[in-house]
Amino acid sequence: MLEVKDMVVAYGRVNAVKGITFAVDQGQVVTLLGTNGAGKSTTLRSISGLLKLVSGEIWFEGERLDGLPAHKIVERGIAQSPEGRRLFRQMSVDDNLKLGAFSRKDTSAIRSDMDRVYDLFPVLGERRHQPAGLFSGGEQQMLAIGRAMMSQPKLLMLDEPSMGLSPIMTQTIMRTIQQLQSEGVTILLVEQNAQAALSLADKGYVLEVGKIMFSDTGRNLLGDDRVKRTYLGAD
C-alpha cells in the first residue's frame, strides 16, 4: 500500500532522515521504533506532505505522493493523528470531529462516521458538546484518533498515541488500534512504548539517527537482544 524509497528529509542543512526505505502492506500494523531524534515523526510528517523531501520517493497505492500538498494526500486516503494531539481546545468534541472531515461533502455519511467514533469511544459521545481542552490526556488522544478517522483513511498514521498516558489508558488505546485493524484500516505507528507497539505490529523498523538499522516481524523484534537492551530495559 505504502512505499517509501530512499527518502531524505532535512531541517536546514541537517539531514534528519537519511535515505530510508520501507513498505507497509494493506491491512498491516507497522511500527517505527527509535529514540528521540531518530527521525520517526519527521518520517510521518513527510508522508503527510507537511515536510518536503530533499530526495527520494513516496508511493501510495501505486501513485506517487511526494510533492502533493497535504490536503490532497488526505483526499488520497492517508490521515495522521499527530504527536501532542494538536486539538482545537476551545472547540467542542463534535466540531473537532467535523474538522477531520473537512475534505468530504457527504453529510449523512459524516454523521454516521461521527456515530462510529462515539461507539468506539463512548466517553466522547457523552461529552460531545464540551470543549476538548477540558478532557484528560487519554480522552484527548481518543479524540485525536477519532478526528483522523473522520477522513475515512485507508492508512492511519499514529504518532506517539500513548505518550503521557497511564498504563490502563495505554491498554485502551492499543486495543483500539487492534480493533481498527480488524475493521480493515492499515496503521503506521510511531510509539515509544516498544513492548506495546511490537506486541501489535506485523512488522517493525528500528531507526537510529535517521537511518533504518534493522527490521523484522513484531514478534521477532520482541525477542531481539538489541531491542531488549535498547528499548525494553533488559540487561
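**Exercise 1. Sort the lining of the largest pocket in this predicted model into nonpolar, polar and charged residues.**

Solution. Start with the full set: 22 residues line the largest pocket. Now sort them by class: eleven are nonpolar, six are polar and five are charged. To find your way around on screen, look for L50, V74, Q80, P82 and R147, the lining residues that lie nearest the pocket's centre. The space inside comes to about 650 Å³.

**Exercise 2. Find which elements give two or more residues to that lining, and which of them gives the most.**

Solution. Walk along the chain. Helix α1 contributes, as do α2 (70-76) and β6 (78-81), and further on α3 (93-100) and α6 (137-149). Then compare their shares: α2 comes out on top, giving four residues.

**Exercise 3. Work out the strand order of the open sheet and explain what is left without a neighbour at its edges.**

Solution. First, lay out the four strands: the order is β2-β1-β4-β5, with antiparallel pairing. Next, look at the ends of that order. β2 (14-24) and β5 (63-64) each have a single partner strand, so one side of each has no neighbour in the sheet. Finally, move inward to β1 (residues 2-11) and β4 (residues 55-60), an antiparallel pair joined over five bridges. A handy place to check the register is E3, which stands opposite W59 in β4.

**Exercise 4. Place helix α1 relative to the strands.**

Solution. Begin with residues 40-47, which make up α1. This helix lies across β1, β2 and β4. Then take its direction: α1 runs at about 110° to β1. To link back to the pocket, recall that α1 also gives two or more residues to its lining.

Key:
Residues numbered from 1 in each chain as written. Predicted model: local features only at pLDDT ≥ 70, side-chain atom pairs only at ≥ 80, totals over all residues. Heavy atoms only, no water. Pairing = 2+ DSSP bridges. Contact = heavy atoms within 4.5 Å. Axes fitted to C-alpha atoms, helices over the stretch in contact; angles between N-to-C directions. 1 Å grid on protein atoms, 1.4 Å probe; cavity = no way out; pocket = protein on both sides within 12 Å on 5 of 7 lines; lining within 4 Å. Points joined across faces, edges and corners; volume = space filled by probe spheres on them. Nonpolar A, V, L, I, M, F, W, Y, C, P; charged D, E, K, R; others polar.
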